[in-house]
Amino acid sequence: MDLKDSGSVVLTAYHSFTPSRIHLAEESYAPLATAHSPVSRKVQHRVLTRMSATGAMPPSPPERSVSRDSQDSMEDYWSEVRNIEEDCQGGQEEMMERSSMDEVELEEAWLHEAGLSTLVSGTLTDSPAEALLSTLTRSQAAMVKKRLDNYTQTMRKRNKQPIRHVRDVFSTADTSTVEHTPQVSSNGQIAPKLPHWTPPKAHQPCQAFRPVESSVKECQMEVYILSFEEPYSEGVTAHRKGRDCHDCQRIRKGDKDLPKFQIVTPKQGLTRVHDLSSEDIKKIACISLIELTTFYDALGIELKRNRMVRSKVRETGIFGVPLTTLLENDQKKFPGSKVPLVFKKLLSKLEQTGLQTEGILRVPGSASRVKHLRQELDTKFYEDRFDWEQVRHNDAAGLLKMFIRELPHPLLTQQHMPAFTAAKNISSPKHQLQALHLLILLLPEVNRDTLKALLEFLNKVVAYEEKNRMSLWNVSMIVAPNLFTSRDKTSRQEEMQGAAGAAHLVRLLIIYQDLLWTVPCFLISHVRKMNEAAMSKKTPSSEKTKRKLLRRRTTDREKEKSEVTDLREGVIRVQAPLHAKVSMAIQLDNETKARDVMARFDFENGQGSRSLSRRQKCFLFEVGGNIGERRLDPDTHLLDVYRVNPHCEWILKSRTT
């Protein structure tokens, strides 16, 4: 088609506005068209000509059912890609050759990240890997066996003797569902039965996803109940039989409105990522990788990984410096920082000056001005000499996107970028959401915290849509090229073809961010079983250690005897070191919640006095037993926690401690 014949339909980039929709969960996948683009018609003509010539703007795949309006509204995405390419013309962003792993490297990297590297080192005995294996479902154990077997076969093809064979770890003869304790032979080799955590009784596919009538009649939108009790891989059993499950048949990405999910609050309370100890979060990541691989395998998706390319990175300045380095520098001045300070400053500047500005994030600042501010930030930020008053909102937007793009390692991480990209091809929004959920839990802490800060800001931008003319879809199109732009030289065509899918994933991240930062109950259950298995394997290594352990137990018994009248069945003792009344015995019943204990301590310690109002807010924690540490949601039913972790301590303390 000759571009001159296209008339004003394409080249004017004019789209009318309609009233904004209030509820984010009700945004359409084929959203409203955008406003006037800041790119001139001459630039637009140049961009469209290049894309038309190279085939870089293909039609949407048939299965996506994307409307004509949605295709037209991709203009903001292509404009942002053009801006990124112009920024990179100076050669500041280095393109890298695609470096894929061979089979052995792929399996070794997977086993290492899953906490199972000892399976190939021959040192499984009494290791955390043994505890992890004992908690897996049948599907998860089969996936580990498949990866280990693939590693063994590939090593044999290389004419190298594998250190351990898969039969040394898994037994194929026993198919019972009974969990067995691994036996250790005299030579230190371990040959456990198929590790098994007895799965729930058979359910109909995806019973955790039940539609109920919406209370909002005017939108006539169904609300779907989402439960975290069952592993996601167990809910897609229909896919293993070669057919779509109930969810894939019911809701497709092409539907006008995305489903509205409602979380079923478990009796043991919802758990957010920051509610757990760092050690338990590491275990969550290991289990999440195994579960994600099993989940993708059931959906027919191969979980690929990119090779971690080691290159020299900057250690000083701001741009092009790893997030971990920036955070370490910030924590020297501000202990407890979770997000790089410069990133928070840029977000704060945009919130103060740009939330109600039309075209925020879309309208670029002056390229020369942004380049000058970038240089000043690099040299003056950590010396406290940078003048933030000179930064305009469009400058801050340009610096924010540049900061994300120039990270030496992508915000979504290089190794997991293929898994994020693969989520574009999942047909069901529910399954997409589940994949993103597991991927978020796989991210390093600083990446996850920085991404959450970004998504919270983007949510605020969308909330002012009526003033800034930036709908959820507009924001997603602007952010997607900055998050998903690959540095691989050979991936540009693939990236262009997946433009709509990338914007859709960003849209899901913004809408469901609160859900995605919640740790599912089935993962918490895995961690509890891992900790219990690890404790059961610990034995005193010497007589001296045994005597020390016996003295400690004697002391603990004497302490318990003094409290025997209080600590009956269903009675807990809550410690509150920051309160005047430092401990209290609480009789639990089926209705006792964490908020009741917190309120009782507040009442006993001043009844709302000024000293109490000035005191830092405290939360109830379960500490020890089969969990490292977990901050309890105020609606947690304490008797249910007591039953699954009867040996924990109950401590009322500040969240920051």
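How many of the 13 residues of helix 19 are buried? The count is 13 of the 13, so helix 19 is largely enclosed by the rest of the structure. The legends below start with the whole chain of this predicted model, then turn to single elements and residues.

**Figure 1. The protein chain combines 27 helices with 10 strands.** The chain has 657 residues, and 52% of them count as buried. Its accessible surface comes to about 32,100 Å². Carbon and sulfur atoms account for 49% of that surface. Consider the contacts between residues at least 6 apart in sequence: 76% of them join residues at least 24 apart.

**Figure 2. Helix 19 covers residues 472-484 and carries a kink.** The kink is about 25 degrees and lies at I478. The proline P481 follows shortly after it. How far apart are the end C-alpha atoms of helix 19? They are 17 Å apart. At 1.5 Å a residue, the 13 residues should span 18 Å, so the two values agree. The helix is also buried in 13 of its 13 residues.

**Figure 3. Helix 16, residues 429-442, is mostly covered.** Of its 14 residues, 14 are buried. The end C-alpha atoms of helix 16 lie 20 Å apart. The expected span, at 1.5 Å a residue, is 20 Å too, which agrees. Look next at the start of the helix. There, a side-chain oxygen of S428 comes within 3.2 Å of the backbone nitrogen of K430.

**Figure 4. E376 sits in helix 13, which runs over residues 367-380.** Is E376 buried or exposed? Its relative accessibility is 14%, so E376 counts as buried, because buried means under 20%. Leaving aside residues up to four places away in sequence, E376 touches F381, F386 and Q390. With Q390 there is also a polar contact: the two side chains are joined at 2.9 Å.

**Figure 5. Two cysteines, C521 and C648, are buried.** C648 has a relative accessible area of 9%. For C521 the value is 19%. Why does C521 still count as buried? The cut-off is under 20%, so 19% qualifies. How many disulfides does the structure hold? The number is 0.

Note on methods: Residues numbered from 1 in each chain as written. Predicted model: local features only at pLDDT ≥ 70, side-chain atom pairs only at ≥ 80, totals over all residues. Heavy atoms only, no water. Disulfide = S-S within 2.5 Å. Buried < 20%, exposed > 50% of the residue type's maximum accessible area, 1.4 Å probe, protein only. Helix = DSSP H or I, 4+ residues; strand = E, 2+ residues; numbered from the N terminus. Polar contact = N/O pair within 3.5 Å; in protein donor to acceptor, adjacent residues only side chain to side chain. Contact = heavy atoms within 4.5 Å. Areas by Shrake-Rupley, 256 points an atom, 1.4 Å probe, with all protein chains shown as cover. Expected span 1.5 Å × (residues − 1). Bend = angle between axes of the 7 residues up to and from the residue.
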